[in-house]
Amino acid sequence: MSSIPHDHAAGHEHAHEHHPGGIMRWIMTTNHKDIGTLYLWFSFTMFIAGGIMALTIRAELFQPGLQLVEPEFFNQLNTVHGLIMIFGAIMPAAVGFANWQVPMMIGAPDMAFGRLNNWSFWLLPFAGVLLLGSFLAPGGAPSAGWTLYPPLSVQAGMGMDMTIFAIHIMGASSIMGSINIITTILNMRAPGMTLMKMPLFVWTWLITAYMLIAVMPVLAGSVTMLLTDRHFGTSFFNAAGGGDPVLFQHVFWFFGHPEVYIMILPAFGIASTVIPAFARKPLFGYASMVYATASIAILSFLVWAHHMFTVGMPAAGQLFFMYATMLIAVPTGVKVFNWLATMWKGSMTFETPMLFAIGFLFLFTIGGFTGLVLAIVPVDISLHDTYYVVAHFHYVLVAGSLFAFFAGIYYWLPKWTGRMYDETLGKWHFWLSFIFFNVTFFPMHFLGLAGMPRRVPDYATQFTDWNMVASIGAFGFGLSQLLLLIAVLKTIRSGPPAPARPWEGADTLEWTLPSPPPYHTFETPPVVK
């Protein structure tokens, strides 16, 4: 007979039952930190997959003529690269940061809905497999661009149906994740933490989550209409049946433009956390940053048709969308100047997170300026669907979102792992990424201004030189990302233990940086007397 009392043994079994080990721990986890980790690793995997597609595209474009791939396959790569990078890499990474940091920043024990959180994540790998698997379907992946415009998307093969299904699944995941984040932030803040005392990262995610709930159903609607046009004889987008392909563009971009801000707002939140920490000053203009974030979110719903200046809108429509788009530059400018003012006369040090944050600030601003150029109707009509547009949105999404996420990874790695990363490796990762990014995408401005259309596998010989430069830069940038993987794995395995305050000299500042500075860190909920 065991000497352990019966109920104690039962309790022990019960505890064991709820804490599975090995792979089951990751499949069944409801812990926000585990789920955040899963999101980040999934995101990195998709980032590598999308990156391999991008490098295949750049290898084909190294010189004129058809080298490596068939034109049809080239267009499929373009389509899936875009979808994977947006829905598989950037968005899940942002949700991974939210899962890790939001509960800790507001003093909550976990996310509001643990099992919903688990489900939100585990939908994604299946959607990723569907997207990548579309290459294996008869007829291959869709070749309609990531925007899936009809009639190309109506005539595509079965890979298109797999893509539509994948988008539905990823949209469901985003909506559930957003409900969870909103509920957590509104209901689980530590006593005394009012909304205007929350760290800006929490604010940016609260606003982003509302945007996701607003626009994901619109995307679901547009791809469902595509599906019924394809299989059920409807004519939403088929002109022969009285439909209108331009209707798809309106519905799609009503999702697509807020989506761009959904991908950048969490990056703004990370920049607003990292810059004050390394400037050793509270964030300048906290309240104006919150209002600017909200303004950007609201305005993002009013500018969708600036993607459509060439479809024949009436002049009044074009003017409205031109001015509305230019208006977004105002709150964005507020943010940029507030970050600069935060750094002004600060005791700055330049560790890897700060380097990426400053790289983000500098290059994102360039991306913003080219966006302003494209907002001007007559200019856009000339530059629409050229490489200038490709340059613009990669400055916003790679040098914008991605660089900010890199800053966040290096900044929080000591907190996540309890170990310090290799600073030398981090700095190599930054400088190589920064240089090769510009070598890749800056020449695309020249190509676009000279008239090179996007999504073409072959081109006229006058575009050869800059395409060669861009392709060399792309391989340099892609290979530099392996340094991140090495740095993270090295930290997890053998990094030196992180001190309680890993950023030397940041004594007065905590991990979470609301402004005004907190009375305590909201790591553990304070005891209410």
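Visitor: What space lies in the second largest cavity, and what makes a set of points a cavity?

Guide: It holds about 50 Å³ of space. On a 1 Å grid over the protein atoms alone, the points of a cavity are places where a 1.4 Å probe fits but cannot get out, and its lining residues have an atom within 4 Å of a point. The volume is the space filled by probe spheres set on the points, which are joined across faces, edges and corners. Please keep in mind that this is a predicted model: local features need pLDDT of at least 70, side-chain atom pairs count only at pLDDT 80 or more, and totals for chains, interfaces and linings use all residues. Residues are numbered from 1 along each chain as its sequence is written, while side-chain values use heavy atoms and leave out hydrogens and water.

Visitor: Which residues line the second largest cavity, and which elements give two or more of them?

Guide: Among its lining residues are Ile90, Met91, Trp205, Thr208 and Pro266. Helix 4, helix 8 and helix 9 (245-279) each give two or more residues, and the largest share, four residues, is from helix 4. Helices here are DSSP runs (H or I, at least four residues), numbered from the N terminus.

Visitor: How do the classes divide in that lining, and what makes a residue nonpolar?

Guide: There are nine nonpolar residues, one polar and no charged. Ala, Val, Leu, Ile, Met, Phe, Trp, Tyr, Cys and Pro count as nonpolar; Asp, Glu, Lys and Arg are charged, and the others, Gly among them, are polar, so Thr208 falls in the polar class.

Visitor: How many cavities does a search of the whole structure find, and what is the volume of the largest?

Guide: The search finds two of 30 Å³ or more, and the largest has a volume of about 110 Å³. Its lining has 13 residues, with Met91, Pro92, Val95, Ser173 and Ser174 nearest its centre. Helix 7 gives five residues, the largest share of this lining.

Visitor: What makes a pocket a pocket, and what space lies in the second largest pocket?

Guide: A pocket is an open set of points with protein on both sides within 12 Å along at least five of seven lines. The second largest pocket holds about 450 Å³ of space. Its 22 lining residues include Leu40, Trp41 and Trp416, and the largest share, seven residues, comes from helix 14. By class, 19 are nonpolar, three polar and none charged.

Visitor: Why is Ser43 called buried or exposed?

Guide: Buried means under 20% relative accessible area, exposed over 50%, and partly exposed in between (1.4 Å probe, protein chains only). Ser43 has 7% relative accessibility, so Ser43 counts as buried. Ser43 is located in helix 3 (residues 32-60). Leaving aside residues up to four places away in sequence, Ser43 touches Gly88, Ala89, Pro92 and Ala93; a contact means heavy atoms within 4.5 Å.

Visitor: And why does Tyr210 belong to its accessibility class?

Guide: Its relative accessible area is 45%, so Tyr210 is partly exposed. Tyr210 is found in helix 8 (residues 200-231), and Ile182 and Leu186 are its contacts beyond four places in sequence.

Visitor: What makes a set of residues a nonpolar core, and how many residues has the largest?

Guide: Such a core joins buried Ala, Val, Leu, Ile, Met, Phe, Trp, Tyr and Cys residues through side-chain atoms within 4.5 Å. The largest has 162 residues, and those with the most contacts inside it include Phe87, Trp205 and Phe360. Helix 4 supplies the largest share of this core, 21 residues.
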